[in-house]
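Work through the exercises below with the model open. Try each task before reading its solution.

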Amino acid sequence: MGHSVGGRWFVVLPDHEAASAVFERVRNAGCQVVRHASGRPWLAGCWEASAARLAEAGDVRLVVLGVSTLDTERLRGRARAVRAISDVETAVRGSAGDHFLLASVAGRVYARGTASGSRRLYRAEVDGVTVVADRARTLARFTGATVDLRQVASRLVSVATPPFPLDQASFFDGVRAVPPGQAVLLERAGEAAERRWWQPPESELPLAEGAEGLREALLAAVRARVAPGRRWAADLSGGMDSTSLCFLAAEAGAELVTLTLDPGAPGDEDVAYARRAAAGLPSDTPHLVFDATALPSYYTGLDEGEPEDEPTLGIRDRAQQEHLAGVAHAYGVKRRLCGQGGDQLVIPPPSYLHDLVRREPRRATRQLAAYAAKERWPRTATLRALADRRPFGAWLTAEAGRVTGDHGPAGDVRLGWGLAMSLPHWATDRARESTAGLLREAATRTQPLADTRGRHLWLYMAQQSGRVALLYDRLGIALDMPFCDDAVVEACLRVRPHEATTPWAYKPLLATAMRGIVPQPLLDRTTKGNATPEWHRGMRVHQRTLAGWLEDSRLVAAGLAEPRALARAWLSPGTLPAHEGPPAEASVTLESWLRALERHPAPRYLEEHTHEPEPATEA
């Protein structure tokens, strides 16, 4: 009804009279509405009918919104077996895909996203009742919430991988992000609570057995999307992740159009491997190779478009992705498979060595020696990192000290509870104190995702894979990322980390899983390309825009960035040390987001139509 893919949204309302006032706010902005058994509005918003499965049975309403192998008939059968909220998860057990699960059972509401965070929920009190939505900006609009500048300051550390638990926070005061793996319960009287619906599996499977599970999970994830005779686009970067998906899709019978970006960077082997992969796919598969220098540069449209729920790196290549989507559309393709998320899932972070040395010191010593030689870890720093037994809270407090400069540098060996936390030299004292304050608060009230460092950090990286999928979905780019499906996440996490990765092989877990499906020479690759040259080119091309922003920078006005240092970072990025490249990109992303919020204080997707929302029906 006139809504783009990026215009998808919904709100979930309690079975309470006061919620009717909230519904009135979106009545003419919504496309569909589902009601509680009482007749009060429950679920309202806009979504594609093909992405929703709705089942009603007595006073039970179930909605699966997203990718799922469950069809409506099977969901209806399972809805008949639901007697209480505690039965809801059984209704989708065993299904593959990536979706929200929403339920109303005798007026009690259950809502959750995904364990990876690829589908995310937010909650806020509106008109005296708790309302749940899939977009933070929806709730911010309802409540008049303002931006939390402390969260903006904390993202100067990183937009791509913000530190845990700050990565789980909302950017709007009074709007709470529901952590991945948690569900929201709304009672009829208006109370709200959260409870855990997902527990990560134990990492105890040997490589061969775990790889078989990953193979099955990935194939199911691909089959949940593609089907024999249906044409799909698929990224074919030349890396192992996208290559695996292409061959799995071909195995599932899909007709593919493969897309490869040639960055033209010296020494980059991606295109050569992509061509070798394309040669192994069915002979009638079109393989389109794009010269990146002939496409819209990074940051094209930097000062255009609406803001999302938080600053995202997707703005850098949004124009490129839209161009590729247009080309794919000319081939009769509406959606694309993408290998994003694989890097975060199939390679456990090196912190697993901190765990392993306590369980199996002999095995750990051998792997440590290889990593130390490969990564050039200093011996003394390595031993110090291994001996560090601080719990998560103490470690986080120390990292807060590094942010403010009270503690020394982190060192070259990162076997801690998280990634390096340091702000760039253009961050002001205010930005440092704000970020350190958030970290210190978190240190007193936040539990890690797991009891050990390696497992905690692997779970954190799994959730970052979901962030990648979410940001492109919010930008309205029709990319499907099967690696981010919860079943794929679980399959990876079940494998012993010291077998899932080693210093002597590249992605052994995925390589073993794809043996017999992907030609072996493609699985033997040990290199990986990067987008650094494209980023530098984008910064050069858009220097005029960046220079204009510097005249009235929102980051500077908020007291978060020092103007002269920020100007050097934006206008002479080639002079930055390598470790300050990502913070420079983060600052551009934050500035763009703050400006976009000023241009679009009200979400366009909440604009009113001239019609009433239609009752959603069982598809």
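Helices (H or I, at least four residues) and strands (E, at least two) are DSSP runs, numbered from the N terminus. This is a predicted model: local features need pLDDT of at least 70, side-chain atom pairs count only at pLDDT 80 or more, and totals for chains, interfaces and linings use all residues. Residues are numbered from 1 along each chain as its sequence is written, and side-chain values use heavy atoms, with hydrogens and water left out.

**Exercise 1. The second largest pocket**

Task: find which helices and strands each supply at least two residues of the lining of the second largest pocket.

Solution.
- Start with the term. On a 1 Å grid over the protein atoms alone, a cavity is a set of points where a 1.4 Å probe fits but cannot get out, and a pocket is an open set with protein on both sides within 12 Å along at least five of seven lines; lining residues have an atom within 4 Å of a point.
- Grid points are joined across faces, edges and corners, and a volume is the space filled by probe spheres set on the points. The second largest pocket has about 860 Å³.
- Its lining counts 38 residues, and Ala-51, Gly-66, Val-67, Arg-335 and Asp-480 are the closest to the centre.
- The elements that each give at least two lining residues are strands S1 (9-12), S5 (60-68), S6 (97-105), S13 (231-235) and S17 (479-480), plus helix H15 (453-474).
- By class, the lining holds 18 nonpolar, 5 polar and 15 charged residues. Here Ala, Val, Leu, Ile, Met, Phe, Trp, Tyr, Cys and Pro count as nonpolar, Asp, Glu, Lys and Arg as charged, and the others, Gly among them, as polar.

**Exercise 2. Two cavities**

Task: state how the linings of the largest cavity and the second largest cavity divide by class.

Solution.
- The whole structure has 5 cavities of 30 Å³ or more.
- The largest cavity has a volume of about 110 Å³. Of its 15 lining residues, Glu-306, Pro-307, Ile-315, Ser-592 and Trp-593 are the closest to its centre.
- Helix H8 (314-330) and helix H24 (581-599) each supply at least two of its lining residues. H24 gives the largest share, 4 residues.
- The lining of the largest cavity has 7 nonpolar, 3 polar and 5 charged residues.
- The second largest cavity holds about 90 Å³. Among its 15 lining residues, Pro-163, Phe-164, Gly-418, Leu-419 and Met-421 are the closest to its centre.
- The lining of the second largest cavity has 12 nonpolar, 3 polar and no charged residues.

**Exercise 3. Strand S11**

Task: decide whether strand S11 (residues 182-186) is enclosed or open, and name its partners.

Solution.
- Buried means under 20% relative accessible area, exposed over 50%, partly exposed in between (1.4 Å probe, protein chains only).
- In S11, 5 of the 5 residues are buried, so the strand is largely enclosed by the rest of the structure.
- Gln-182, Val-184 and Leu-186 cover one face, and Ala-183 and Leu-185 the other.
- Two strands pair if DSSP finds at least two bridges between them. S7 (residues 108-112) runs antiparallel to S11, joined by 4 bridges. Ala-111 faces Val-184 there.
- S12 (residues 192-196) pairs with S11 over 5 bridges, also antiparallel. Ala-183 stands opposite Arg-195.
- The S11–S12 hairpin has 5 residues between the strands, and Gly-190 takes a positive phi near 105°.
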